[in-house]
Amino acid sequence: MAITREDIARAIEPLRPDIAEALADRKTSGIERVECPALSRYRLYEVTVFAPHAPIVHYLAYAEGGPPFVLSEDPAAFAAMAAADGGVEIKTPAEAAAYAEVFLKVTRPLSRLSYLVTALADVSFRPGLEPDEAAARKSFERKYRAVIKPPAGRKMKDGFEVTAYRVTEQSLERVTVQVTPAGAVAMDAEVLEQDLPLVIGGA
C-alpha cells in the first residue's frame, strides 16, 4: 500500500503537531521523497512549508509500524532512525558515500546557510565583488578547483570514512563522516577557509 502524506501527518502529529498541520494543507506545503537505498524499512521525506518570506524545510523519517523521526539539524535522530530500521547494510565505499551524503543533507543546519558542494562551481560567490574580493575569489578557485569533489568513501578497519565538502555561512568546510556497515555515523568538520565573499541566503 502506498504511503500518503496523511499517513505521515498522523504519525508525526504527537511529535511535531506543527508539521502535521502543515502537511494537512496541500496548498501551503509540499513533500518529496529523499532516496536512501541503504535503509530497509524507513523512508525519508523533505517537507517544505511555503512561508511568506522564505520556505521552511523539515526532514522526516517514516516507517509503517515504527516510530517517526524529525531529522532536521539532529544527527542523533538520524542515528536512532538507522538503529530502528534494523536492516541497514553498507558494503562498499560508494554505498557509504551515498549514505553519508543523505545524512549530511537531512541533518544540516537550517537556521543558517549550509549546503554541500561537489565541485567548485557549486560555491556561490556574490555578484559585483570589489577588487580585493575578486582577487580572493581567484585565489580560492586556483586552490580548490581540484580539491572540491563529490563525497567519496574509503574502506577502514571498522567501516568506512567519507570525505565531503560544504559551505556554512561564509566558510568552506571539509566534513569527515565515519560510517559503520550497520549505518551508525559520526561526523567531524574542519574549516578550510572563512570570510569568503559568498552569497548570503538559502541554498
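In this predicted model, the largest nonpolar core holds 32 residues, and the members that touch the most others are Leu44, Leu71, Phe78, Met81, Tyr99, Val177 and Val179. Two or more residues of this core come from each of strand 3 (56-62), helix 3 (75-85), helix 4 (93-106), strand 7 (159-168) and strand 8. Helix 4 is the biggest contributor, giving eight residues.

Phe78 offers a helpful way into this part of the structure. Leaving aside residues up to four places away in sequence, Phe78 is in contact with Leu44, Leu71, Tyr99, Phe103, Val106, Thr107 and Val185. Among these partners, Leu44, Leu71 and Tyr99 also belong to the group of core members that touch the most others. A second core, separate from the one described above, comprises 15 residues, including Leu120, Ile148, Val167 and Leu192.

Helix 5 is worth a closer look in its own right. This helix runs over residues 131-144, 14 residues in total, and spans 20 Å from its first C-alpha to its last, close to the 20 Å expected at 1.5 Å a residue. Its buried residues are Phe140, Glu141 and Tyr144. Because these three cover an arc of only 100 degrees around the axis, they lie on the same side of helix 5. Strand 8 (171-179) and strand 9 (185-193) are among the elements that cover the buried residues of the helix. On the face turned away from the buried side, helix 5 carries the exposed residues Pro131, Asp132, Lys138, Arg142 and Lys143. Strand 8 thus appears in both parts of this description: it gives residues to the largest nonpolar core and helps to cover the buried residues of helix 5.

Terms used. Residues are numbered from 1 along each chain as its sequence is written. This is a predicted model: local features need pLDDT of at least 70, side-chain atom pairs count only at pLDDT 80 or more; totals for chains, interfaces and linings use all residues. Side-chain values use heavy atoms; hydrogens and water are left out. Helices (H or I, at least four residues) and strands (E, at least two) are DSSP runs, numbered from the N terminus. The expected span of a helix is 1.5 Å times one less than its number of residues. Buried means under 20% relative accessible area, exposed over 50%, partly exposed in between (1.4 Å probe, protein chains only). The arc is that of the directions from the helix axis to the C-beta atoms. Contact means heavy atoms within 4.5 Å. A nonpolar core is a set of buried Ala, Val, Leu, Ile, Met, Phe, Trp, Tyr and Cys residues joined through side-chain atoms within 4.5 Å.
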